[in-house]
Amino acid sequence: MNFIDKYQPESLEPKWQKIWQEKKLFQATSDSEKTKYYVLEMFPYPSGRIHMGHVRVYTIGDVLARHKRMRGYNVLHPMGWDAFGLPAENAAIKNGTHPAKWTYANIDEMRSQLKSLGFSLDWDREFATCDKEYYRWEQLFFLKFWEKGLVYRKKAPVNWCPGCNTVLANEQVEEGLCWRCSREVENRELAQWFLRITDYAQELLDYLDKLSRDWPERVRTMQENWIGKSEGAEIDFRVADRVLDIRVFTTRPDTLYGATFMSLAPEHPLVDELIRDRPQSGQVSDFVQKMRKVDRIDRTAEDQEKEGVFTGAFCLNPLSGEKMPIFVANFVLMEYGTGAVMAVPAHDQRDFDFARKYGLDVKVVIQPRQEGRLQAGDLDQAYTGPGYMVHSGDLDGIDNEQGKMRITEQLEQAGRGKKTVNFRLRDWNISRQRYWGAPIPIVYCEQCGEVPVRPEDLPVELPLEVTTNPDGRSPLPETGEFISTSCPSCQGPARRETDTMDTFMESSWYFARYTDPHIESSPFNTRALEYWMPVDQYIGGIEHAILHLLYARFFTKALRDLGYFRVDEPFSHLLTQGMVLKDGAKMSKSKGNIVDPGDMLKRFGADTTRLFTLFAAPPEKDLDWNEQGVEGAHRFLHRLFRLGEELIPYIPTVMPCLKLDNKELSVKARDLRRKEHRTLIKITRDLEESFQFNTAVAAVMELVNEINSLKQDLLGHPKDRETLASAWASVLVFLYPMTPHICEELWKKTGYFIELSAISWPEADPLALEQEEVLVVVQVNGKLRGKLSAPRDIDQEQLKKLAMENENVQKHIQGKDIKKMVAIPGKLVNIVV
């Protein structure tokens, strides 16, 4: 083997990447007798070039993968491409090319870049989600969900992005803007396909508790809030002059007697019926149309002005019988509860603001126990605290918490309500009106209606011989060869669905396909799936806490219930890494603060780039890129290489943390050996328990400095040289998961015949950790009067003698009688005078 004479990453790194690839060192098999460890980073969009965020997340995953292999695990560390969706399609249109051509060219480019960073990935498992061999199984899952009743189609108000020409899920709207193009989102009503994720709302919530030790609390809280469980009551209010009931959900049935008006969402299906033949119909219709153009999130903002219009209709309070005017209000949404709110202005701030604006009644029905009596006319804000009930019929005087139960019981007895649970979570809208996505396997027949494609006819292939439209409109509705088909049921003429699936469908099960990505007869190899799943360590950005992670959890449970999976959760442990910033801001082209990984690789090499991303900040924190830090990491690797050149000719080839007899070593050799084993313990803990890679790097740097300072003193004695050689070997083992190329090179130069990647992680020797001398405190009458350093194995009499010789101790015992002296070697001496 040709060795590199000086540190030249541009030649050293490709050399080792080629060796790893030729020997297939990172290829995983599912028939191993070893304990499995499945580490996975969220797979990337093939956007064209990797960015520093990619470098950071895949470096973190690679450190864990390499370390676990050295710990004896059978490691699966795969890679693929989240290839469908708007980013690729929009970029292809902008560049005047086809999304498929754009996507696969980008995959080739990004694959080359990732390989140049030396990640220990099993490239034999690579796939792209735009491959028909992949999405055919996704279409099969759609059909299985259809059979199970988890798929349905309905007209619904949707978030429409005019920039991307497609529907967005609620989770994809950020502060009223499209999460992709930042255009203002509009509200439209379209027929859409939905998955009943709400059927799993309670289970999704329950299992967050089971993930409590292994997922970040922030992510669990975000999902818990998004699922949004509320316990309360459904109540039916009869419309005064129509045979209609308006159903509301409330968490405060105790305030029912204080309801003075009803608020409906502009999208509520009963609005048209309520205003029919009423003089207010025109004004209400205009208001509804106006609200359709306002972002639904903005409508519910705290600082949004409360607006509404009277419908001309009234409803009846089911217990008091009082008439309540019905309004359409901007702050009520169909997405939460039933789209109708019983308004209790005395005890809800939004209702209070609305009532004051429109001169509506305010009625106090909960009085606080400790404060003065509330009067409706004196209120300047709603009272939302606890208390006792008033103006509530036969329930006056009881605690309002007890009142919730009593009023619900009365409603159930009257047939006007019931106890229920509500979730904020809405069903998942998977329809997208764009081209670059997996076709939905449904046809429309005039005789049979909506008909699923037969499983044997899958995949429904996305036609590639099409021309995309400059404005982003899908070409599928204009592609006759795609649309025209026959009905699977009656064989009559039919047309295909032209919506494609949300790209989050692909990312909701890709991790399971990695367990055997090349099986052609079914989506999964059952044996491999049961061996590898769940993912042991998942790594990705906090921005996916709700979207991807929630959908993946739902998919896992739904596929479990279909008999595909035996696991309940896809990811046992989750690490959410921070962003990579520059000058304190997120990197972006518009800000001109982009750091190109390609430039870093050319200037410094992969190991330096990897080392800096690990050393600059703990993984869960944001990392602020700075050139001086990169240069510092590069200088350290140069020093490491030079240290190897100085040591290797004079030291034997021994294994790391070599078993040695301390009695045969000099004091300095024993000190170095103790440092070596302490470093092993710290790095092991940092890599396996806390993921504090930055402190692990710092610990290795300290050990390197110790070797540098002691090397001249230890080269003169054979046993001391062994200690030096052991510490050097340990440095290479400790650093290998982080900077594998330089460590492999120096390992081979040291004289080892087996690759460093095949070496087992060492074990600490308790005897090596023993200190030669320990700190002993000296007390006089229980008060600290001195400290001294004493041999660990000193006997009591010798320790007492040392204590008595301490200068400060002598001052406090001079001229006094010593009544008693207690010596505990290794701890303390107590003198009683």
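Why is strand β8 (residues 229–239) largely enclosed by the rest of the structure? Eight of the 11 residues of β8 are buried, so the strand is largely enclosed by what surrounds it; buried here means under 20% relative accessible area, against over 50% for exposed and partly exposed in between, with a 1.4 Å probe and protein chains only. The model is a predicted one, in which local features need pLDDT of at least 70 and side-chain atom pairs count only at pLDDT 80 or more, while totals for chains, interfaces and linings use all residues. Residues are numbered from 1 along each chain as its sequence is written, and side-chain values use heavy atoms, with hydrogens and water left out.

The chain as a whole gives the setting for this strand. Its C-alpha atoms fill a box of roughly 105 × 85 × 50 Å along the principal axes, and 57% of its 833 residues count as buried. It holds 26 helices and 32 strands, taken as DSSP runs (H or I of at least four residues for helices, E of at least two for strands) and numbered from the N terminus. Among contacts (heavy atoms within 4.5 Å) between residues at least 6 apart in sequence, 72% join residues at least 24 apart.

Which strands does β8 meet? Two strands pair if DSSP finds at least two bridges between them. Seven bridges join β8 to strand β16 (residues 417–423) in an antiparallel arrangement, and six join β8 to strand β9 (residues 245–250), again antiparallel. Ala233 takes part in both pairings, since its bridge partner is Lys419 in β16 and Thr250 in β9. A hairpin of five residues leads from β8 into β9. Two further bridges link β8 with the antiparallel strand β11 (residues 308–316), where Cys315 stands opposite Val239.

Elsewhere, four strands form an open antiparallel sheet in the order β20-β19-β22-β21. Its edge strands, β20 (449–452) and β21 (484–486), each pair on one side only. Neighbouring strands of this sheet are turned by 45° against each other on average, direction ignored, with axes fitted as lines to C-alpha atoms and angles running from 0 to 180 degrees between N-to-C directions. Within the sheet, β19 (residues 442–445) and β22 (residues 493–496) pair over three bridges, and Val443 has Arg496 as its partner in β22.

Helix α4 (residues 99–116) offers another view of burial. Its 18 residues reach 26 Å from first C-alpha to last, close to the expected 26 Å, which is 1.5 Å times one less than the number of residues. Among its buried residues are Trp102, Ile107, Met110 and Leu114. The buried residues cover an arc of only 150° around the axis, which puts them on the same side of α4; the arc is that of the directions from the helix axis to the C-beta atoms. The buried residues of α4 pack against α2 (52–70) and α3 (86–94), and the helix is followed by Gly118, whose phi is positive, near 75°.

Finally, there are the nonpolar cores, sets of buried Ala, Val, Leu, Ile, Met, Phe, Trp, Tyr and Cys residues joined through side-chain atoms within 4.5 Å. The largest has 194 residues, and those with the most contacts inside it are Trp428, Tyr510, Phe511, Phe555 and Trp625. Helix α21 (residues 693–714) gives the largest share of this core, 11 residues. Apart from this core lies another, of 54 residues, including Ile275 and Leu411.
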